[in-house]
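Reader: Could you take me through one part of this model, the surface that faces the DNA, and then show me how the protein chains meet? I'd like one connected account rather than a list.

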There are 2 protein chains.
Amino acid sequence: MQLDERKYLILQAIIDDYILTAMPVGSRTISRKSGVGFSPATIRNEMSDLEELGYLDQPHTSAGRVPSNKAYRLYVDHLIKGSKLTSDERERMHDHLVARSKQVESVIRSAAGVLSDATKYTSVIVAPKLGTLRIRHVQLVPVAERTALMIIVTNAGIVKDAVIRVPEGLDADDLYSISRVLTQKLADKPLEGVRQAFSELLRGAEQNRKLLGEALQVIEKRLEAGGDASDVIVGGSTNLLEYPEYSDVNKARSFLSVLESKDTLRKLFSRDGSMEVSIRIGPENQLPALNDCSIVTASYRLGDRSTGTLGIIGPTRMNYNRVISVLDFMSRALSDVLSEYQ
Amino acid sequence: MQLDERKYLILQAIIDDYILTAMPVGSRTISRKSGVGFSPATIRNEMSDLEELGYLDQPHTSAGRVPSNKAYRLYVDHLIKGSKLTSDERERMHDHLVARSKQVESVIRSAAGVLSDATKYTSVIVAPKLGTLRIRHVQLVPVAERTALMIIVTNAGIVKDAVIRVPEGLDADDLYSISRVLTQKLADKPLEGVRQAFSELLRGAEQNRKLLGEALQVIEKRLEAGGDASDVIVGGSTNLLEYPEYSDVNKARSFLSVLESKDTLRKLFSRDGSMEVSIRIGPENQLPALNDCSIVTASYRLGDRSTGTLGIIGPTRMNYNRVISVLDFMSRALSDVLSEYQ
DNA sequence: CGTTAGCACTCGACGTGTATGAGTGCTAAC
DNA sequence: GTTAGCACTCATACACGTCGAGTGCTAACG
């Protein structure tokens, strides 16, 4: 059976209503809606068909119908009607971002806040993959005998630091000049290409071989680790508790546990290169704890190559319209603000 | 009425039991306990006295008794019997800490993890006040025309960075040598004393007055702000949801909201200079949302003057014994690990 | 032939009534 | 001073009946 015009209309009405109320919706409710000129009985027949086709579920015999994941999929793919943000809203969001633009990390943090406030769901922002960032500056700072702090400033202004051991006998001035050389040689190289740059350096400078080797090791370890906890920012983690689907503490807990594991989040919110908004519904997330959550993601740019992810996680019955427009706007806004660091 | 020996014994038994079960405890339960050789009737008489004295509450006529906040206060002040951690446990905790000792921030982060795992409550660690840290290194890195990133490395290895505007015409080399001077002049000064050091500098170097002024402003703004979100680390925020007092979603939510506000946490976990473990019970926290939470804090050292706070937040009926010993141990362990950065 | 009114049926939500049991306070006996 | 006994209280659990929202089916209607 193919879905005809009327079935689309009814299905859309059901989803719209369910998104709003979280209550199973009955035939009378739909019938009363403006735009649907049929009696409850007719609607019932159509609903029965839609259920057979897998677009609706019935919690129990005498309850209304609830959209299935298949229905949401159809909804976001075909039925969605783009909604506009008011220019007032856009302005407000943009202002929030710019107010904090002194530091990259705080921009991202406030972006997470804006996202979760605007949508009332939970927002997640993942910083760009370290490997794609370009080195701008390298600095070795002595902290103790034979120990130094290596600081790497990237084109995103993001500062990465790590403690490394250094050969004996190097004083602050030595480290200073080594830093200078390192910066000169490595500037504008992406972090992931740093191995090659280093091996060239190693050939040249015999006496600092050990120091450089250690530095390289540290950088590579960081790249492998795929970033630390501060690379994943979560906003509005308690927002979801407002919704009836989380009135059960156990559900709430399993959801919140997911938010605690930054590694899981990083995987969940990784994307291919495209800039388009992407939506994963319920089980499409491959994580039992998120079986009735949807994840909507978009990308933001930082520099020429590197992109990070910003996204929303909410109940499957989320207001996709709103979320998509907010993400779409914020993806641009965030890219714009961050490009000023270039 | 004064509390005699027996009342102490009974009160302690009640608290111990309630901490374990979270259920109002009746006279029979106490009577059965080894160590208390009285019949339920006798216990009842004593309980009645204890209630009148304000140490016990009765949820309703035919329920058992529940310890009041006054009882907990007495408990932690007098009744507590120090418990020892097994050396096995100590070792495990210590190892966890050391495993991550490459970066200060990750040490603190993993300390929060260890604390919440060991206690099954929520842990909070507050980094030392910025003002008490000493400057080790200052570095200006060019990021764009007239813009530079100022990086300050402190004795904790903690890196603070901020974008500042610089006068026109300064190239990378200029910034390099300015950094060198700044580092030389400011090294070993505490951040809070930096204003004075700067004004001396300002008198000397006429041509960079503007740059230095901006840098000083940025530093002071940071000091005022009292640190950013990354200075407060929370571990095991969902742990408390395991306990029956949070089976109500609204309670859970209001608790979790507190954890989201880093400013509130910073205030809640600030301490005077002492290194002793301190306990605040229920309303002593001055925050309605935490009326049935207790907060236990200790200090850790970082360098000669500066201290940070580590603490646990849990239900008022928390296992104070265990929490105190864990905090006591971790306060030392953390100080030790961090002192290696000095 | 599609649409709709009518009707019997289902099932969760809610309120009421009753039994149960844990726990208390009091009194009298030990 | 301690304890056994007993009447009393009250939350909890369970059974039962009512109510109402919603369904599926059938027959009538245009």
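Author: One definition before we start: a residue is near a strand if one of its heavy atoms lies within 4 Å of it. Also keep in mind that this is a predicted model.

With that cut-off, let's look at DNA strand C. There are 20 residues around the strand, and those that come nearest are Arg6(A), Thr42(A), Thr61(A), Ser62(A) and Ser27(B). As for where this surface comes from, α3 (40-52) of chain A and α3 (40-52) of chain B each supply at least two of its residues. The largest share is that of α3(A), with four residues. Sort the surface near DNA strand C by residue type and you get twelve polar, four charged and four nonpolar.

Now turn to the DNA side. Of the strand C atoms within 4 Å of the protein, 75% belong to sugar or phosphate, and bases make up the rest. Some individual pairs show each kind of partner. For the phosphate, Thr61(A) is a good one to look at: an N or O atom in its side chain is 3.1 Å from a phosphate oxygen of DNA strand C. Ser62(B) uses its backbone instead, with an N or O atom 3.4 Å from a sugar or linking oxygen of the strand. For a base, go to Arg44(A), where a side-chain N or O atom sits 3.5 Å from a base oxygen of DNA strand C.

That leaves the place where the protein chains meet. Chain A puts 41 residues into the contact, and chain B puts in 41 residues as well. Between them the chains bury about 3,700 Å², with 57% of that on carbon and sulfur atoms. Two salt bridges are counted between chain B and chain A. In a salt bridge you can pick out by eye, the side chains of Arg253(A) and Glu242(B) come together at 3.5 Å, N to O. The count of residue pairs in polar contact between the chains, both at pLDDT 80 or more, is twelve.

Seen from chain B, the side that touches chain A draws at least two residues from each of β4 (135-144), β5 (147-154), β6 (159-165), α7 (172-186), α9 (209-225) and α10 (249-260). Of these, β4(B) has the largest share, seven residues. By type, this side of chain B divides into 17 nonpolar, twelve charged and twelve polar residues.

Notes: Residues numbered from 1 in each chain as written. Chains lettered and ligands numbered in written order. Predicted model: local features only at pLDDT ≥ 70, side-chain atom pairs only at ≥ 80, totals over all residues. Heavy atoms only, no water. Contact = heavy atoms within 4.5 Å. Buried area = accessible area lost by both parts, 1.4 Å probe. Salt bridge = Lys/Arg side-chain N within 4 Å of Asp/Glu carboxyl O. Polar contact = N/O pair within 3.5 Å; in protein donor to acceptor, adjacent residues only side chain to side chain. Nonpolar A, V, L, I, M, F, W, Y, C, P; charged D, E, K, R; others polar.
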